[in-house]
Amino acid sequence: MKRIEELSDQAPLWGALCRQADRVSFHMPAHRQGRSFSHELIDSLVHCDTTELERTGDLADPSEHIRQAYDLAATYFGAGETWFITTGTTTAIRVMLAGVLCEGDEIIIPRAVHLAAVHAVALLGLKPQFVMPADGRRFDDGQPDAASFIAAMRSHPKAKAVFVTCPDYYGRTIDLQIIAAEAHRLDMVLLVDEAHGAHFVAAPDLLPSTALSQGADLVVQSAHKTLPALTPASFLHLSKESINDGRICPDRIASMIRVFQTSSPSFMIAASMDLARAVLSHADRAPWHRLIELNQCLADSLPPQYRRISLSGSDRSRLVIDYSQLGIGRAEMVQELDRARIDAEVIDHRRVIFIPAIDQPEGDYDRLSRALCSICPVQDADNINRHLSHLEELDKLRDALFSARPSWQSTPRQAMFGEALSREASCGQTSKVAENVIAPYPPGMPIAWPGERIDERHDTYIRKLEELNITVRR
Ligand SMILES: Cc1ncc(COP(=O)(O)O)c(C=O)c1O
């Protein structure tokens, strides 16, 4: 057998990933490419990559040690029941929607949700009712406020569920408690995509409140995004009150797990989720306090052209920096961070999102601070103003598209999986119909859902993003 190093030329994917080894990770997964794990743990994890045997059990039919792990997680996260989904929140969202909704049911949902939710709506043949802003207003980054959710629920009382993403990619949260109260008054269930908030439970006085504590009925969380767990790990939580009140049916959820989860779920990922929960429940709030302080110190160390974005109620363990006042473009920011061998989660046209891990070393912050401080701002005021007005135009276009009224030409299911209609229509030059989600990626929030008409504004926005080297999924 050849030694592994000798194979890296012949295994290009393996080789490329190995060359990532000495970079600083400010992105998910939050185990920092394994640096959060001891060598002993890494070896043991590989031994956990096994199948369903008499002694290992079945993740989709939990008993003994699997039942215990699920129960410990449910207790820690404050759920009535918890499942480990080892194919990510993408799968968990499908299970969540299929667990409470039937074909043709209405769901209140913002346009700007993760594309996994759009695909789930299309697959299940649901009828989306978009959350719309009041006349003349636009949602920043497409994220509605609680009042707009409530208005949408009242306008569509036949809907069976309301779907909220909280926190969003930038760490912003909204008041779920009042949405839950109104949903329950109207006989709807509240489904929360808390993909970026699995850590909230760890430090309730420092981090935002969890969705479960605010009355959500079903919640999904990507463990790997903010906890030291392997990718793609997702917790699916069922609220205790919702089970007791009969708002959700645990058996139906269990049967949907068997539909959507692979028949070879990864014990290695599941074991890493069990461990991440154990690590978290033994740590106190200190690591989160440290992270919040480090984020603030980093922000304080930067020249005034940088602005940290941290709205009230947002997740302060996340670091979002607006670099637009430097006057430089996205390509330059990408290049500068790359030169410092730092990987951020996302760099958009004006913001960088860093996702620090619970054990992010201080040295990484020093390197980041040095890298950001070394970037020279553009000196010419006219150039900066031109640059800023260009970014503002882009923001306006984005928010207009994210806040636009629906323009359905077919249902999402017909557009994605049906025949003819959308394809014929999509050949026309003047009025095209999206056959798939059209979304800048990451973060994967659609400017058009499948089945919607696309016009010049979409084309313009897509062109502008592609000029910035931002990928658009379609
Ligand atoms: C808000 C949100 N929901 C769902 C997902 C899908 O999660 P996963 O990658 O665990 O499948 C993502 C992924 O980035 C996300 O950002």
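Reader: What makes I109 count as buried rather than exposed?
Author: In this predicted model, I109 has 26 other C-beta atoms within 10 Å of its own, and since the class of buried residues begins at 20 such atoms, the count places I109 among the buried residues. I109 lies in strand β3, which runs over residues 106–109, and, with residues up to four places away in sequence left out, it touches A117, P128, F130, V131 and F163. S263, by contrast, stands 154 residues from I109 in sequence and 30 Å from it in space, C-alpha to C-alpha.

Reader: Into which class does I243 fall, and how do you know?
Author: I243 has 17 other C-beta atoms within 10 Å, a count that lies between the limit of 12 or fewer for exposed residues and that of 20 or more for buried ones, and I243 is therefore called partly exposed. The residue sits in helix α9, where its contacts beyond four places in sequence are G80, E81, L238, I248 and P250. The C-alpha atoms of I243 and D217 are 8.4 Å apart, with their positions 26 residues apart along the chain.

Reader: What makes N244, also in helix α9, buried or exposed?
Author: N244, in the helix of residues 240–244, has 9 other C-beta atoms within 10 Å, and because 12 or fewer is the condition for an exposed residue, N244 is classed as exposed. Its C-alpha atom is separated by 15 Å from that of T82, a residue 162 places away along the chain.

Reader: How do you know whether S36 is buried or exposed?
Author: The count for S36 is 20 C-beta neighbours inside 10 Å, and as the definition asks for 20 or more, S36 counts as buried. S36 is placed in the loop between β1 and α2, and its contacts, apart from neighbours within four places in sequence, are H31, P228, A357 and D359. Q360, although 324 residues away in sequence, has its C-alpha atom 8.6 Å from that of S36.

Reader: What is notable about the backbone of R32, and what is its burial class?
Author: R32 has a positive phi of about 50 degrees although it is not a glycine, and it lies in the loop between β1 and α2. With 22 C-beta neighbours inside 10 Å, set against a threshold of 20 or more, R32 counts as buried. The loop between β1 and α2 also holds P29, and the peptide bond leading to P29 from M28 is cis, with omega near 0 degrees. Another cis peptide bond runs from C166 to P167, with omega near 5 degrees, and P167 is found in the loop between β5 and α7.

Reader: Why is N469 put in its burial class?
Author: N469 has 11 other C-beta atoms within 10 Å, which falls under the rule of 12 or fewer, so N469 is exposed. This residue too has a positive phi without being a glycine, the value being near 65 degrees, and its place is in the loop between α18 and β17.

Reader: How would you describe the mutual orientation of helices α6 and α7, and why?
Author: Helix α6 (residues 146–155) and helix α7 (residues 176–185) pack at an angle of about 10 degrees, with their axes 9 Å apart; angles under 35 degrees count as roughly parallel, and α6 and α7 are therefore roughly parallel to each other. In this contact A146, F149, I150 and M153 of α6 meet I178, I179, E182 and A183 of α7, and the residues divide into 7 nonpolar, no polar and 1 charged.

Reader: How does the span of helix α11 agree with what is expected?
Author: The 16 residues of α11 (267–282) reach 22 Å from the first C-alpha to the last, which is close to the 22 Å expected at 1.5 Å a residue. Its buried residues include F267, I269, M273, L275 and L280, and the buried residues of α11 pack against α2, α3, β2, α8 and β8.

Reader: Which residues come nearest to the ligand, and what is the make-up of the shell around it?
Author: Of the 13 residues around the ligand, G88, T89, T90, H114 and A195 come nearest, while by class the shell has 5 nonpolar, 7 polar and 1 charged residues. Helix α4 (residues 88–100) gives the most to this shell, with 3 residues.

Key. Residues numbered from 1 in each chain as written. Predicted model: local features only at pLDDT ≥ 70, side-chain atom pairs only at ≥ 80, totals over all residues. Near = placed C-beta within 6 Å. Helix = DSSP H or I, 4+ residues; strand = E, 2+ residues; numbered from the N terminus. Nonpolar A, V, L, I, M, F, W, Y, C, P; charged D, E, K, R; others polar. Axes fitted to C-alpha atoms, helices over the stretch in contact; angles between N-to-C directions. Parallel < 35°, antiparallel > 145°, perpendicular 65-115°, else oblique. Contact = placed C-beta atoms within 7 Å. Expected span 1.5 Å × (residues − 1).
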